[in-house]
Amino acid sequence: MNSILLVEDDLTLAIMYQDQLQLDGFDVSLAHDGEEGLQKAISKKPSLILLDIAMPKMDGMSMLTELRKDAWGQNVPVIILTIMDPNERMLQQVMELKPAYYLFKANSTPQDVSDKIKEVLSLSENPQPAS
Amino acid sequence: MYGFLSKLKIPIAILFISAIYFIAGKIGLVLAFVHPSVSVVWLPTGIAIATLLLLGRKLWPAIFIGAFLVNITNEGSLLTTLGIATGNTLEAFIAVWLIERFANGRNCLDRPQDLFRFVLFAGIISTAVSALCGVFSLTLTGFASWENFRPLFFTWWLGDMGGAIIVAPLIISWFNKRTLNLKITHVMEIFLVFLLLFLVSLVIFGGFSTVSNGNYSVEFLVLPYLLWCAFRFNKRETATALFLLSEIAIWGTLNGFGPFAKGASVNASLFLLQAYMNTLAVTILMLAAAVIQQRQAEESAQKSEDRYRTLVDTSPDAIVVMDLQTKITMVNKQAVNMVELNSPSDILGKDAFAFIAKEDHERTRENLAKLARVKRLTGVEYTIVRRDGSRFIASTSASLLNDKKGNPQGIIVVVRDVTREKELDRMKDEFITVASHELRTPMTAVKGYLSMLLNGKYGVVNEPLRKPLVTVAMATERLIELVNDILSVSRIETKRLKMTLSVFPLRSVVEDIVLSLKPIIHEKHVALSDQIDKDVSVQADPQKLGQILTNLIGNALKFTDTGEIVLHSEEKGERMIIFVSDTGVGISCINQERLFRKFQQVSSQQAGRPAGTGLGLYISREYAKAMGGDVWVVASEEGKGSTFALSLPKSGTRLAFDVRQRLVMQMSNASLVDEQTAKHPSS
């Protein structure tokens, strides 16, 4: 079973996504801030990380920056799930950290998120030959 | 006393003044040697002129009564007396009328040109009238012989002249309002100069030294003391000194002392003395007036300089003047405070670059070169370094200072610390960011759960339940749209709108938008004809352009039930114009402009149509304007349809360049706030 680490500080949203993903058959673990997220990511090595940006203690960008320094963490697929409008500078920073997707919470239903995860995981399980 | 006199009722004033005139006249007649009615020293003329000048010509009866009484109690008939009194009254009246009209009235002693006229009118013309009247009256009534007419006339004239030139200025200067300088050193100096003048006058005219009786022109020895008065003090002191000298000289001459006591008769001696005194008085008073005028000019220049200085120093902005080599030549207090130094001397003479952060030096040099061309540069920001090395952002406005020929001599720079403004901007950004985060999070939860419910994630949803859930889902969509729009409006209104301009062919944006609207187009059975020339490149923020087009096409779809929606484009000058035409309900003329205001919708025709936020067109227009374009209604008719237009600068045009420049300026002045600002305070 694919394991997902959901890093999300808002409890309501966290449970909502957790519900959707569990119902879709994923093994979901939760982290409530970037620090906890980083720790759980390194220890649990999930198949994919669903990452919020605005969070206390350590925000999503910092967590991802740290994660990408890790040998395992540099390749783990990450989907960023944010509530904010992006600005140019932020988008540039995000792209350097190679997320698989950058999704807006307000525009994506939990089903959309789940679909993207399935898509990314099927890609990472069967990497397409470089062309 | 002047105030007291001016408050008296006219009859009392007349009584009072005529009494003074009478006494002065009687004293004058004591010195009447050539004829019992003709005196070579006639103080009443001065009293009369000064009184009418200070208190008004309406008091002329006082002069007439005074003069009448002086002469009726002297020898002569009633007719003679009436003639002399008329002459005396006319003299004062004419003098004052001329002075008021041509010599600046009661301020006639303040300027040399006015004083000159005063001497002419009061000293020469009016006194001649009085002398003529008087001497004619005496001769015609047989109280004087015609052979004596000339000496009598000249004696009378000169006597009155002395009164006009020596006594009138004394009274005018004392009773004209002017505060006394009671500083002890000043009073001591006056006392000293008067004492010296008194002693010298006694020596020259009082017979206290043999020198006064020798055949020497010692009368000029008083000059230094009179000059002292004229240069150091005011006209009041000068007029007093002249009067003092005049009285001592008359007294001495009468007693046979002094350089003028050599005449054939006492009258001849007094005649010579009066000629001397009048000339001296005119010269010294003229000099005093010139000095006063000069002093006033200096004071006014100083005042103007002080006012200017105060203005500069009370400015909340720092003002710095530098030469063309950027050496600072003048600063105000605020400039000193701004860099936390103690006094202007800490800054003067230094190079302005010393206060500008190193990384800004290159840009400063470029701007200096630019300033030479454009003469004035405003709103340029620099990082300024304080004495302790700390820094702040300053907004500056620089202008070239030119000399009379228009050659640049220096640069004046007004510097404003914008730290606080920057902080406010940052807070505005932060507010919008936090508000976005806090509003969207719960709405996302509602929307997400609803979609999961409707997808049957929590069990099968039966039909009766599905309907209200769909309604809630639609309302939630509206709410999300509204929040997004309100956040956009608050960005627009707080001027925190961020644009990322790029150049791209219309194709890349238009095709995406049309594709995303396909499901709705299909649902509504409305045809969409896309005739936009998509190869033309525009300069815009692609995301914002997408929002505008979605709004315009979305509105067309919302209000069109049958027919088609046509998109086409036109190149017009530096702009590309995109038209969105529909065959929908149309908008009445009155409503066409209203639509672009916030929260305005055409309500009457909206029954049964999906509600909007009423912000879409307002936001679209503001976005378009920020990109150098506009959104407007081209044509619309109720029941027939509408055409909306969106203009954008074509790439590579002058307009596109200007818009980019403007945006760069705004961006460089705005701070960027990213998502991290929205961190939760509690953790």
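Buried means under 20% relative accessible area and exposed means over 50%, with partly exposed in between. Keep those cut-offs handy for the legends below, and bear in mind that the model is predicted.

**View 1. A nonpolar patch on the surface of chain B.** Let's start on the outside. B:I65, B:L69, B:I72, B:L78, B:L79 and B:L82 come together here as a nonpolar surface patch, and their accessible area adds up to about 490 Å². Helices α4 (60-72) and α5 (78-102) of chain B are the elements that each give two or more residues to this patch. Zoom in on B:L79, which sits in helix α5 of chain B. Its relative accessible area is 61%, so B:L79 counts as exposed.

**View 2. The largest cavity.** Rolling a probe the size of a water molecule over the atoms shows where empty space is left. Here that gives three cavities of 30 Å³ or more, and the largest has a volume of about 410 Å³. Its lining takes in 27 residues, and those closest to the centre are B:M322, B:A352, B:I356, B:V413 and B:V415. Which elements of chain B supply at least two residues of the lining? They are the strands β1 (318-323), β2 (328-331), β3 (376-385), β4 (391-402) and β5 (408-417), plus the helices α12 (333-338) and α13 (361-374). As for chemistry, the lining has 23 nonpolar residues and four polar ones, with no charged residues.

**View 3. Two glycines, B:G206 and B:G256.** B:G206 belongs to the loop between α8 (184-205) and α9 (223-232) of chain B. Is B:G206 buried or exposed? With a relative accessible area of 6%, B:G206 is buried. Now look across to B:G256: the two glycines are 50 residues apart in sequence, and 8.7 Å separates their C-alpha atoms in space.

**View 4. A salt bridge along helix α11 of chain B.** Side chains of opposite charge can pair when their charged atoms come close. B:R309 and B:D313 make such a salt bridge, with 3.4 Å between the closest N and O atoms. Both residues are in helix α11 (residues 266-314) of chain B, and because they are four residues apart there, about one helical turn separates them. The partners differ in cover: B:R309 is partly exposed at 28% relative accessibility, while B:D313 is buried at 18%.

**View 5. A salt bridge between helix α14 and strand β3 of chain B.** B:K422 and B:E381 pair up here, their closest N and O atoms 3.1 Å apart. B:K422 comes from helix α14 (residues 419-454) and B:E381 from strand β3, so the bridge ties together parts of chain B that are 41 residues apart in sequence. B:E381 is buried, its relative accessible area being 16%.

**View 6. A salt bridge between a loop and strand β9 of chain B.** The side chains of B:K650 and B:E571 meet in a salt bridge, at 3.0 Å from N to O. B:K650 lies in the loop between β12 (641-649) and α20 (654-669), and B:E571 in strand β9 (residues 564-572), so this pair ties together parts of chain B that are 79 residues apart in sequence. B:K650 is buried, with a relative accessible area of 16%, whereas B:E571 is partly exposed at 45%.

**View 7. A salt-bridge network in chain A.** Over to the other chain: A:E8, A:D52 and A:K105 are linked in a network of salt bridges. Over all chains, the structure holds 27 salt bridges.

Terms used. Residues numbered from 1 in each chain as written. Chains lettered and ligands numbered in written order. Predicted model: local features only at pLDDT ≥ 70, side-chain atom pairs only at ≥ 80, totals over all residues. Heavy atoms only, no water. Patch = residues over 30% accessible without salt bridge, like charges linked within 9 Å, V, L, I, M, F, W, Y side chains within 5 Å. Areas by Shrake-Rupley, 256 points an atom, 1.4 Å probe, with all protein chains shown as cover. Salt bridge = Lys/Arg side-chain N within 4 Å of Asp/Glu carboxyl O. Buried < 20%, exposed > 50% of the residue type's maximum accessible area, 1.4 Å probe, protein only. 1 Å grid on protein atoms, 1.4 Å probe; cavity = no way out; pocket = protein on both sides within 12 Å on 5 of 7 lines; lining within 4 Å. Points joined across faces, edges and corners; volume = space filled by probe spheres on them. Nonpolar A, V, L, I, M, F, W, Y, C, P; charged D, E, K, R; others polar.
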